[in-house]
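Open the model in your viewer and keep the sequence beside it. This tour goes from one selection to the next and says what is there.

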Amino acid sequence: MATTFEEMNCAFPANLAEALELMSDEQTRGRPLAGGTDLMVQWESGVLPMPERAISVKHLPELRTIEESDDAVIIGSAVTHMQLRRSDAVVRYLPSLADAAATIGGYQIQTMGTVGGSVANASPAGDLAPSIMISDGDVIVASVRGERAIPVNEFWTGYRKTDMAEDEIIVRFRLPKMPEGACEVWRKLGPRKAQAISKVMGSCRLLISDGHIEQFRVAIGSVAPVCVRLRAVEELVTGKPLNEEAIAAAEACAAESVKPIDDIRSKADYRKWVTGRMVRGFLEQSLG
Ligand SMILES: Cc1cc2nc3c(=O)[nH]c(=O)nc-3n(C[C@H](O)[C@H](O)[C@H](O)COP(=O)(O)OP(=O)(O)OC[C@H]3O[C@@H](n4cnc5c(N)ncnc54)[C@H](O)[C@@H]3O)c2cc1C
């Protein structure tokens, strides 16, 4: 193990194939390094041991693009938060993801930090998770054995745990576009308006048709070991008229659905209450 940054070897593979080759060697694998905004802090504070080697993935051309297909936006894992918030495709078709990226740290962190780093870091307070979850898309991971798609809602398996194997890296995300006529909303509650780690945050995707709730997807972070989809709330309101009765029922169900903990940022009871209020706000947004 290295004990200082100076002792650590950082590999700069020329392309994805070279990076995967380096990842395949158990003895010298080291750790993928993107923007380093989580890793540098974790190494410096001793939360994670410094490896002998880091493998830089942020510069890999295959991981840096945002593309559009007919029904999805395909986002490379090394795309930065700044790229996300400025992308026309993301702003138009995944607006809560663009809004979430715009609330991460300050400009410096948004320019260095990547979507792949945020997702792989698997923190329940990672601000991109709710917007990614409500898209019902896939995380595409790769190794020398090939690529596989993991549904985003199955990617995080526990506190700071993911479904990735040791030799895999995230290469891209395939996130279905918001349907025509739908809207998305992102909300973040922190101790201050900017540069804050979330106490509770969440995103929703809402489609109203003839005054009825045709689709409602909602995910909330910082209230459990992993970001959670509130399926009970979604099922409760889908097909119902959008009125105070449905909103009140959704608020109560949301508060009951989460089992947060007390920690340095907030209390469990407060987080439950905020979750309910957030869901109410999401639905009220469409009442006009
Ligand atoms: C001052 C400051 C403020 C911050 N504010 C916020 C905030 O408001 N909201 C928020 O959500 N986060 C915040 N963060 C956390 C951080 O910026 C984000 O989580 C960031 O997106 C991490 O991305 P990165 O590219 O820097 O990841 P890195 O630090 O490079 O890596 C993080 C983890 O992901 C792994 N990894 C990286 N890329 C890949 C890949 N392609 N495949 C597999 N594994 C990979 C690494 O091995 C590591 O385990 C803040 C951090 C700092 C220092």
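The stops below run from the whole chain to the ligand, then to single strands and residues.

**Whole chain.** Begin with everything selected, and keep in mind that this is a predicted model. The protein chain holds twelve helices and 14 strands. Its radius of gyration is 19 Å, close to the 19 Å that the globule rule gives for 288 residues, so the chain is as compact as a globular protein of that length. Along the principal axes, the C-alpha atoms fill a box of roughly 60 × 45 × 30 Å. Of the 288 residues, 44% are buried. Taking contacts between residues at least 6 apart in sequence, 62% join residues at least 24 apart.

**The ligand.** Next, select the ligand and the residues around it. There are 28 of these residues, and A34, G35, G113, G117 and S118 come nearest. Sorted by class, the shell has 13 nonpolar, twelve polar and three charged residues. Which elements supply at least two residues each to this shell? They are β2 (31-33), α2 (39-45), α6 (107-112), α7 (115-121) and β10. Colour α7 separately: this helix gives the most to the shell, with five residues.

**Strand β10 and I169.** Stay with β10, one of the elements that supply the ligand shell, and select residues 169-176, which make up this strand. I169 lies in it. Is I169 buried or exposed? I169 is buried, because 22 other C-beta atoms lie within 10 Å and the cut-off for a buried residue is 20 or more. Now show its contacts beyond the neighbours within four places in sequence: A19, M23, P32, V57, V141 and A142. For a distance to check in the viewer, pick the C-alpha atoms of I169 and I140, which are 8.6 Å apart in space and 29 residues apart in sequence.

**R160.** Go back along the chain to the loop between β8 (156-158) and β9 (161-162), where R160 lies. Most residues other than glycine have a negative phi. R160 is not a glycine, yet its phi is positive, at about 55°. R160 counts as partly exposed, because 13 other C-beta atoms lie within 10 Å.

**Strands β12 and β13.** Select residues 200-209 for β12, then add β13; the two strands pair in the antiparallel sense over nine bridges. One pair to look for is G202 with its bridge partner in β13, I220. The hairpin of these strands has two residues between them, and D210 in this hairpin takes a positive phi near 50°. With β13 alone selected, note that seven of its ten residues are buried, so this strand is largely enclosed by the rest of the structure.

**Strand β14 and S222.** On to β14, which runs antiparallel to β13 and is joined to it by two bridges. R229 in β14 is the bridge partner of A219. Six residues lie between the strands in the hairpin of β13 and β14. Where is S222 found? S222 sits in the loop between β13 (212-221) and β14 (228-229). Its phi is near 70°, a positive value in a residue other than glycine. S222 counts as buried because it has 30 C-beta neighbours inside 10 Å, whereas R160, with 13, is partly exposed. The tour ends here.

How values were computed: Residues are numbered from 1 along each chain as its sequence is written. This is a predicted model: local features need pLDDT of at least 70, side-chain atom pairs count only at pLDDT 80 or more; totals for chains, interfaces and linings use all residues. Helices (H or I, at least four residues) and strands (E, at least two) are DSSP runs, numbered from the N terminus. A residue is buried if 20 or more other C-beta atoms lie within 10 Å of its own, exposed if 12 or fewer, and partly exposed in between; C-beta atoms are placed from the backbone. Two residues are in contact if their C-beta atoms, placed from the backbone, lie within 7 Å. A residue is near a molecule or strand if its C-beta atom, placed from the backbone, lies within 6 Å of it. Ala, Val, Leu, Ile, Met, Phe, Trp, Tyr, Cys and Pro count as nonpolar, Asp, Glu, Lys and Arg as charged, and the others, Gly among them, as polar. Two strands pair if DSSP finds at least two bridges between them. The radius of gyration is taken over C-alpha atoms; the globule rule is 2.2 Å times the number of residues to the power 0.38.
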